[in-house]
Amino acid sequence: MSEDLRDIVRREFAEAYGAEPAGLWSSPGRANLIGEHTDYNEGFVLPFAIDRRTFAAAGLRDDRVIRVGSTFSDEVAEIAIDELAPDAVSGWAAYPLGIAWALGQRSHVDLAAVPGVDIMLESDVPVGAGLSSSAAIEGAVGFALAELWGIEIDRVELARVGRYAENEFVGAPTGIMDQMASLLGQDDSVVFIDCRSEEAEAVPLRLAENDLTILVIDTQVEHQHANGGYRERRASCEAGAAALGVSSLRDVTVDELPRARELLDDVTFRRVRHVVTENQRVLDTVAALASGGPLAIGELLDASHRSMRDDFEISVPELDLAVETAQENGAIGARMTGGGFGGSAIALVPRGLVSRLQVAIDGAFAEHGYGQPVTFTVTPSEGARREA
Ligand code: ADP
Ligand code: MG
């Protein structure tokens with residue numbers, strides 16, 4: 001699929017701008033293996049880059065204008081570099097243009113001295129499906145601009161630039177996980193991120209040699225109280241940390257949970273217990289991958305789901321059904337993923353069982369009178385790169 005997109009984006013660039021691009025860059029979407037609602041508690045997450053990518057064809061101009069096009073729109077967005085400001089751009093173009101602005105804001109480049117750029121985007125990362133099409137566009141454009149403008153920047157800082165653009169230019173309050181995964185992903189690996197220090201390293205997952213794959217089950221359910229629920233959980237975590245005398249739940253260990261139970265009301269305690277045990281599960285998953293490989297992490301995935309269902313209370317019946325059906329039909333482990341109140345689950349599955357699982361999940365959803373879910377496999381893949 002990606003081969004085609006490379007040709008398509010080059011052709012679209014030539015059609016829109018009447019020239020060949022100077023180069024082609026890409027960056028992937030991501031999924032999260034384990035570590036949910038731990039990022040804003042300064043804890044650990046374990047996402048991976050997926051085999052769906054956003055491609056950016058780009059080239060320098062001889063004036064001081066940036067133009068960007070995408071299959072999102074028939075119109076090419078155009079702005080003078082000197083006019084780049086958070087309230088000057090709205091809609092999808094804020095993602096790519098925000099990167100140019102953020103590179104200047106974070107002192108990687110003097111925006112008053114750089115030439116203009118033409119950019120064309122093409123992507124097979126599904127939008128709004130919890131696979132971070134936003135980090136993919138940020139990574140691809142960031143990589144392209146850094147090379148075209150001759151900026152020396154490492155991948156971790158490029159991830160920070162992406163987050164900064166998304167927070168300050170687009171106005172979406174996201175953490176660093178998506179950008180780190182998109183920029184630092186490696187084939188058949190997960191990215192172990194410490195959200196406090198923002199240090200990250202790739203950890204081999206070894207799905208290929210174990211004949212495993214990861215199935216995403218998108219329930220297509222989105223509950224109205226998702227935003228309110230998310231805010232409420234964040235507030236509970238902050239209240240729990242304050243009551244325990246720590247700056248964030250990162251500083252609470254599993255051994256300290258009995259004391260937390262005495263100090264906190266039941267609901268706050270269970271919110272805290274999810275975050276504290278989830279952090280430990282991420283560390284345990286990294287250790288289990290090193291010692292026993294991916295077949296050894298199933299129970300950790302299952303336990304993560306139970307914790308989100310019972311302690312954090314962010315699952316919904318459709319997600320529980322997806323997870324249970326996967327577990328009953330041969331998955332090594334399964335869990336809901338993302339913010340909760342809908343969205344997707346993931347299952348670690350022997351390759352040969354994928355179709356059986358898909359049939360079983362479709363059947364279970366039909367039996368319960370739920371709308372049909374969308375299921376597809378994802379392969380842990382390489383992060384942002386220059387393509388040509
Ligand atoms: P996701 O979970 O997919 O990251 P977000 O709401 O964070 O969802 O980001 C999606 C937004 O990113 C889209 O609405 C659009 O504005 C922008 N975007 C993503 N991919 C592209 C693309 N290929 N071209 C233009 N804009 C894109
Ligand atoms: Mg996003």
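So, to kick off: how many residues apart are Asp7 and Arg10 in helix α1? They sit 3 residues apart in that helix, which covers residues 2–17, so about one helical turn separates them. Keep in mind, folks, that we're looking at a predicted model here.

Okay, what do those two side chains do? They meet in a salt bridge, at 3.7 Å from N to O. Side chains of opposite charge can pair when their charged atoms come close. As for how open this pair is, Asp7 is partly exposed, with a relative accessible area of 46%. Arg10 is partly exposed too, at 28%.

Now let's hop over to another pair, Arg233 and Glu232. Their side chains also form a salt bridge, 3.3 Å from N to O. Which partner is buried, and which is exposed? Arg233 comes out at 6% relative accessibility, so under the 20% cut-off it's buried. Glu232 comes out at 51%, so it's just on the other side of the 50% line and counts as exposed.

Last stop: Arg385 and Glu382. They form a salt bridge as well, and their closest N and O atoms are 3.2 Å apart. Glu382 has 33% relative accessibility, which makes it partly exposed. And this pair has company: Arg6, Arg53, Glu382, Arg385 and Glu387 are joined into one network through salt bridges that share partners.

If you want the overall tally, the count for the model is 29 salt bridges. The ones I walked you through today are among them, including Asp7 with Arg10 and Arg233 with Glu232. Okay, that's me done, over to you.

Definitions and conventions. Residues are numbered from 1 along each chain as its sequence is written. Chains are lettered from A and ligands numbered from 1 in the order in which they are written. This is a predicted model: local features need pLDDT of at least 70, side-chain atom pairs count only at pLDDT 80 or more; totals for chains, interfaces and linings use all residues. Side-chain values use heavy atoms; hydrogens and water are left out. A salt bridge is a side-chain nitrogen of Lys or Arg within 4 Å of a carboxyl oxygen of Asp or Glu. Helices (H or I, at least four residues) and strands (E, at least two) are DSSP runs, numbered from the N terminus. Buried means under 20% relative accessible area, exposed over 50%, partly exposed in between (1.4 Å probe, protein chains only).
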